Amino acid sequence: MMATMATIATVVVGLTLIYVLYRTIKGRPVERRIVFVYIAFSVILPLMMQISPPLPITGDVLKVYDNIKVLQPGSKVLCAFDYDPPSAPELQPMAVAFMKYAFKHDLKVIIMGLWPQGPQQAQMAVEEAMLDPEVAAKNLQEGIDWVNLGFQSGNEFVIQSMGSEFKRMFPKDDRLVPYDSIPLMKNVVNFSNIDYVMNFSSGKPGTVEWVQIGVDRFGVKMSAGNTAVQAPMVYPYLRAGQLLGILGGMSGAAEFEKVLDEEGDASTFLLAQMFAHATVIAFIIIGNIAFFIGGRRKKITTPQVK
Amino acid sequence: MELFGIWIAALLTLGIYSFLYKDNPVYKATEAIFVGVSAGYWAVVYYFDNIYKKFWEGAVTSDNPDYWMYGGAVLGLLFLTRLFPKIGWISRWPLAFIVGATAGLYMVIYFVTNAMNQTASTIMDIVARNAAGEILWMDTLGTLVILVGVVTGLVYFFFSKEHKGVFGTAAKVGTWFLMITFGASFGYTVMSRMSLFIGRMDFLMSDWLHIIK
Amino acid sequence: MRREIPILITSVAGLVFAVSYFIPHFPFGESESIFGDWVTIVQAFAIWLGALNLIKVSWEKISRKKADWPFALLIVISLVATLLIGFIDGYRGLNAEPQYSFRDPGTSFDWLFRHVYTALTSTMFSMLAFFVGSASYRAFRARNLQATLLLIAGFFVMGGRVPLLDQMIAPIWDYPFFSHLADWIMTFPNTAGQRAIMIGIALGVMSSSLRIILGIERSHVGGGTR
């Protein structure tokens, strides 16, 4: 019922764009608060429809999957949570999907963060992953199957120092357990004891710093999940082989959920993303049609100087 | 407490969004809370995760103290002199240390990662081949596009020579590649901004109002 | 001496990190580790400098009853309340048996993070969605070839990265053409442009870093350029 009403409302709202086009061509553009209303409806109405559109998987996401599926049970994966709550709609679904996969396939997860909010975002991702029945049945233990080392300030200097010794930067984990008392960290001295790095990043410090120091100096194998703002900037690293795969933005998160066969938030949000993009594209087209028609009208009405 | 927390979060969210209608005291109040809570959050986290866990437990209360860390603590305390105008000049010492350390590290890592490795990737293996040695024509076209784009883009950024003739044409082609880059970035930026809003609407509609699952 | 000592500190710190990249042995490797620790500790104090400065500036506004001083008072109250909650939780946790962290699930600080901090920061940044929509309507015009290229690239990336254009043509052609086109744009022309920018920035960073280490650039210590 709600989905039907939302669909009808969407069509009606879409048709009112014709009125916006008319007004803009006439030289009376709509007030910006009207534009805000369209943006709001373009997100609210599709969320009420609760439809997950079909989504092709791109090569960048497949590369991430191809690299993590070869990890053997017991492999140690370092997850760097380098983002804060505003980036959570894009990155949290990726993190949850990855955690579920890691826990189901007996990968050992070592969490850390270069952002102060990172460890708490990681904690929420682990809590959500633990709700999965298959993961819950494994009865995973913190300190044995996964550990949250917490946050350390210093940006790239933290990664630099971890190249020598993890313990120097993380003398205790986030639960205040001393490093030497954590069973999972028993034989983990530095990056040479890590099989893979999965970085979730929304800015600086983040993927760029991990590539510059973790990959190019210490030779770690790494993939990255980035916000859509950062993703275009890290494509050169993917192309150069410094990154093994990229998950870009919410669509990347939705593709990752699909390829891992883990239903999550990103797939549900994708329809709203589509409608939001359609609205922005519609406004760009409306603005440009009015611009070109207005320009031609000026050429006709302005006397030609010979 | 969880329900109370959801209501607090929802009211704060609506308070911020009230700015979209017009600037008002409710928005100013929520903005002030945002500034205060953010600053307090960062201060608490940095205190316990760094000053306490690293310095205090590493150098002062440890059974095996690392006395070198006192140097960092001294520099950090000198930084706080910036709050007092008469002795604020002392804060230049720790600032100089941070700037110097960053400059030294960046000088090398930016060269290796962003210059050397990127240049190597651009000019090597232009002809793409599969495992059997056969040429992959579409991939080769792609690597040529990258080569032309990088070279012409760098030509555009070279301002020591006037952009005329062949050089000028190359610079113009460079701007075309840069415009495509910026257009792609714009498209992704729209995706990112909309994702932030989708996240908030999902919270309001599912966690707060229970309109959707 | 007020400027010479900071310049010397800058040069020594810079040289240690630059040389230790290539010579990780004594004394450079050990110096790098020690200086790395110092950077993390100094950064923490820098954050505290910011917080204390915010209190100082806000208090000045309150005491002089400047415009909007009640909101400055609200800033101070929020900041102090957050600090108190964090420190109470932190020290309780340190003195508990077994110890727990100030931000463990169940603490008041974690509640503050999940319900206040997250709501405020996420909402503040989400407002950009409205402004980008408004800017698209008012400002993005294909005035010349460069702007047209920008808009066309943006159009295909926006329409291709989510299955918008593919779903529109699906009744006629059931092939994710626009998704592959967006992928191609990101992988090739976007990479080319980003790489050109990246190399340019890298060269700039290298030269300015060298100038800082050699003491030619002195703006960070209150001088200009020598």
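This report walks through a predicted model, starting with chain A and ending with chains B and C.

## Chain A at a glance

Chain A has 306 residues, and 58% of them are buried. Its C-alpha atoms fit a box of roughly 80 × 55 × 30 Å along the principal axes. In secondary structure terms, you are looking at twelve helices and six strands.

As for how the chain folds back on itself, take the contacts between residues at least 6 apart in sequence: 75% of these join residues at least 24 apart.

## Two domains in chain A

The domain assignment splits chain A into domain 1, built from 2-51 + 267-301, and domain 2, which covers 59-263. Their C-alpha centres sit 38 Å apart.

Contact between the two involves four residues of domain 1 of chain A and seven residues of domain 2 of chain A. On the domain 1 side, that set breaks down into two nonpolar and two polar residues, with no charged ones.

## The six-stranded sheet

Chain A carries an open sheet of six strands with parallel pairing, in the order β3-β2-β1-β4-β5-β6. At the edges stand β3 (146-151) and β6 (246-248) of chain A; each has a single partner strand, so one side of each has no neighbour in the sheet. From one strand to the next, the twist averages 15°.

Over by the β3 edge, strand β2 (residues 108-113) of chain A runs parallel to β3(A), and four bridges join the two. Within this pair, Ile110(A) stands opposite Val147(A) of β3(A).

## A closer look at β4

Strand β4 (residues 196-201) of chain A is mostly covered, with six of its six residues buried. Side chains in a regular strand alternate between the two faces of the sheet. Here both faces are covered: Tyr196(A), Met198(A) and Phe200(A) are buried on one side, and Val197(A), Asn199(A) and Ser201(A) are buried on the other.

What about the partners of β4(A)? Strand β1 (residues 76-82) of chain A pairs with β4(A) in the parallel sense over six bridges, and Leu78(A) has Val197(A) as its bridge partner. Strand β5 (residues 222-226) of chain A also pairs with β4(A) in the parallel sense, this time over five bridges, with Phe200(A) partnered by Gly225(A). To get from β4(A) to β5(A), the chain passes through helix α9 (residues 207-215) of chain A, making a right-handed β-α-β crossover.

## Helices across the sheet

Helix α3 (residues 59-69) of chain A lies across β4, β5 and β6 of chain A, and runs at about 135° to β6(A). Helix α5 (residues 118-130) of chain A lies across β1, β2 and β3 of chain A, at about 155° to β3(A).

## Chains B and C

Chain B also comes with a domain division: domain 1 spans 1-67 and domain 2 spans 136-213. Taken over C-alpha atoms, the centres of these two domains of chain B are 34 Å apart.

Then there's the interface between chains B and C, where 105 residues of chain C are in contact with 99 residues of chain B. Several helices of chain C each supply at least two residues to that side, among them α1 (4-20), α2 (28-63), α3 (69-95) and α9 (189-213). By class, the chain C side has 72 nonpolar, 26 polar and seven charged residues.

Definitions and conventions. Residues are numbered from 1 along each chain as its sequence is written. Chains are lettered from A and ligands numbered from 1 in the order in which they are written. This is a predicted model: local features need pLDDT of at least 70, side-chain atom pairs count only at pLDDT 80 or more; totals for chains, interfaces and linings use all residues. Domain bounds come from an automatic or database domain assignment. Ala, Val, Leu, Ile, Met, Phe, Trp, Tyr, Cys and Pro count as nonpolar, Asp, Glu, Lys and Arg as charged, and the others, Gly among them, as polar. A residue is buried if 20 or more other C-beta atoms lie within 10 Å of its own, exposed if 12 or fewer, and partly exposed in between; C-beta atoms are placed from the backbone. Two strands pair if DSSP finds at least two bridges between them. A crossover is right-handed if, with the strands pointing away from the viewer, the path from the first strand over the helix to the second runs clockwise. Axes are lines fitted to C-alpha atoms, for helices over the stretch in contact, and angles run from 0 to 180 degrees between N-to-C directions.
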